[in-house]
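I opened this notebook to write down, entry by entry, what I looked up in the structure shown below. I begin with a sheet and then follow whatever touches on it.

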Amino acid sequence: MAIKYERWLSMLVIALALMLVSGCLLPGTTTSKTSYPLKLTDSCGRDVVIQQEPQTVTVLNSWENDFMETIGAGHKSKPFMGGIGPSIEAMLNEIKAEKTDLVLIDWRREIDAEISCTITGKLARNGVAVYAADQTTIPKVIQEMKQIGKMLNQSQIADNASSRLTQALQKARDTLNASGPKTVFWEIQVNEGDDGTPKYSTIVPQSLEQSLLTEAGGSNIAVNEEPFIPGQVRINDDFIQSADPHYILIYGYEALNNRNYIPVTARDRWRDIKAVRENRILSLPPSFGSPSTLHDDILLLVQFLYQERPVE
């Protein structure tokens, strides 16, 4: 009986050791705990000192909330309900009333960096613990997953999420060939111009969407155009016809939300565009570009743009 017990105990010890090595722990646990106080430098160049593990983190938008879920800190996330209006003071008062341990501010378009750092500085000067994260590229998102995960004592899950995205990025880069990037029109909205003709909104340069497209081997046809409004570049039929993109990306919800929406293949002036002639049009899922799906999203783009080369 003693021998059987010793064998059972030995097997249990081995199993536990394997679980520790593979990271198969209970949800919410980590293999390495963060030591506090912790000093970090955020994306605004500020030294941030976290005295103890934050239990509540105010996030300003749904993307940040999903980011928190992805790095295993969703239980700490506290969505800000006040919105971001023109008055930083009003926003400050709302956040101070929340009595949160930390405020997370991020931006995914370079054009938003200045205002984000202004808000960050204002909050910090008024005694609010705040961390600013530049998430305008895939490599920066990877880095912030690890850093914010460590800050919130969620290193194991955050590092796993970071590794998944890193692996997807490497697969994407390994798939690209020497033929050069594929020209792409990425439609995010359609509006009617003052003259009654349609105006097509596409992604802005220096943004997370641009990084996704570039890393997947795509070339944005409007990369050199100035934004019409922050977050949107608008172009017309003539521009798109002249650019003659090889591929077209379109958000899948566009047709559902706009009664006047005309499908790409039914647009009279687009019939001779290469992407339309060859039916290289992809409707993106509503979740596309979320932190929890980025690793799949980049591979989806690669598969679409390089259909002749499977992603291994």
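Entry 1, the sheet. I am working with a predicted model, and I looked first at an open sheet of 4 strands, in which the pairing is parallel and the order is β4-β3-β5-β6. I noted that β4 (77–79) and β6 (130–134) are at the edges with a single partner strand each, so one side of each has no neighbour in the sheet. Averaged over neighbouring strands and with direction ignored, the turn of one strand against the next is 30°. For my own reference I added that strands of a sheet pair through backbone hydrogen bonds, either parallel or antiparallel. I then picked out one pair, β3 (residues 57–59) and β5 (residues 102–107), which are joined in the parallel sense over 3 bridges, and I found T58 opposite V103 in β5.

Entry 2, helices across the sheet. Which strands does α4 lie across? I found that helix α4 (residues 113–125) lies across β5 and β6 and runs at about 165° to β5. Helix α5 also lies across β5 and β6, and its direction is at about 160° to β6.

Entry 3, the disulfide. I searched for disulfides and the structure holds 1, formed by C44 and C117 with their sulfur atoms 2.1 Å apart. I reminded myself that a disulfide is a covalent bond between the sulfur atoms of two cysteines. Since C44 lies in the loop between β1 (38–41) and β2 (47–50) while C117 lies in helix α4, the pair ties together parts that are 73 residues apart in sequence. The torsion about the S-S bond is about -95°, so I recorded this disulfide as left-handed. Are its two cysteines buried, exposed or partly exposed? C44 has 23% relative accessibility and counts as partly exposed, and C117, at 25%, counts as partly exposed too.

Entry 4, helix α6. I counted 21 residues in helix α6 (residues 155–175), which reaches 30 Å from its first C-alpha to its last, close to the 30 Å expected at 1.5 Å a residue. Its buried residues include A158, A161, S162, L165, A168, L169 and A172. I recalled that an α-helix has 3.6 residues a turn, so residues three or four places apart point the same way. Among what covers the buried residues of α6 I listed α2 (62–70), α5 (138–151), α7 (208–215) and α11.

Entry 5, the cores. The largest nonpolar core has 50 residues, and Y131, I148, W186 and L249 have the most contacts inside it. Helix α11 (residues 294–305) gives the largest share of this core, 7 residues. Setting aside neighbours within four places in sequence, I found L249 in contact with residues that include W186, L213, L282, L301 and F304. Another core lies apart from that one and has 17 residues, among them F185, V233, Y261 and I273.

Entry 6, backbone oddities. I kept in mind that most residues other than glycine have a negative phi, and most peptide bonds are trans. The peptide bond from Y36 to P37 is cis, with omega near 0°, and P37 is placed in the loop between α1 (2–22) and β1. N153 has a positive phi of about 60° although it is not a glycine; this residue is in the loop between α5 and α6, and at 9% relative accessibility N153 counts as buried. N279 likewise has a positive phi, of about 55°, in the loop between α10 (274–277) and β12 (281–284), but N279 is exposed, with a relative accessible area of 57%.

Methods: Residues numbered from 1 in each chain as written. Predicted model: local features only at pLDDT ≥ 70, side-chain atom pairs only at ≥ 80, totals over all residues. Heavy atoms only, no water. Core = buried A, V, L, I, M, F, W, Y, C linked by side-chain atoms within 4.5 Å. Buried < 20%, exposed > 50% of the residue type's maximum accessible area, 1.4 Å probe, protein only. Contact = heavy atoms within 4.5 Å. Expected span 1.5 Å × (residues − 1). Pairing = 2+ DSSP bridges. Axes fitted to C-alpha atoms, helices over the stretch in contact; angles between N-to-C directions. Disulfide = S-S within 2.5 Å.
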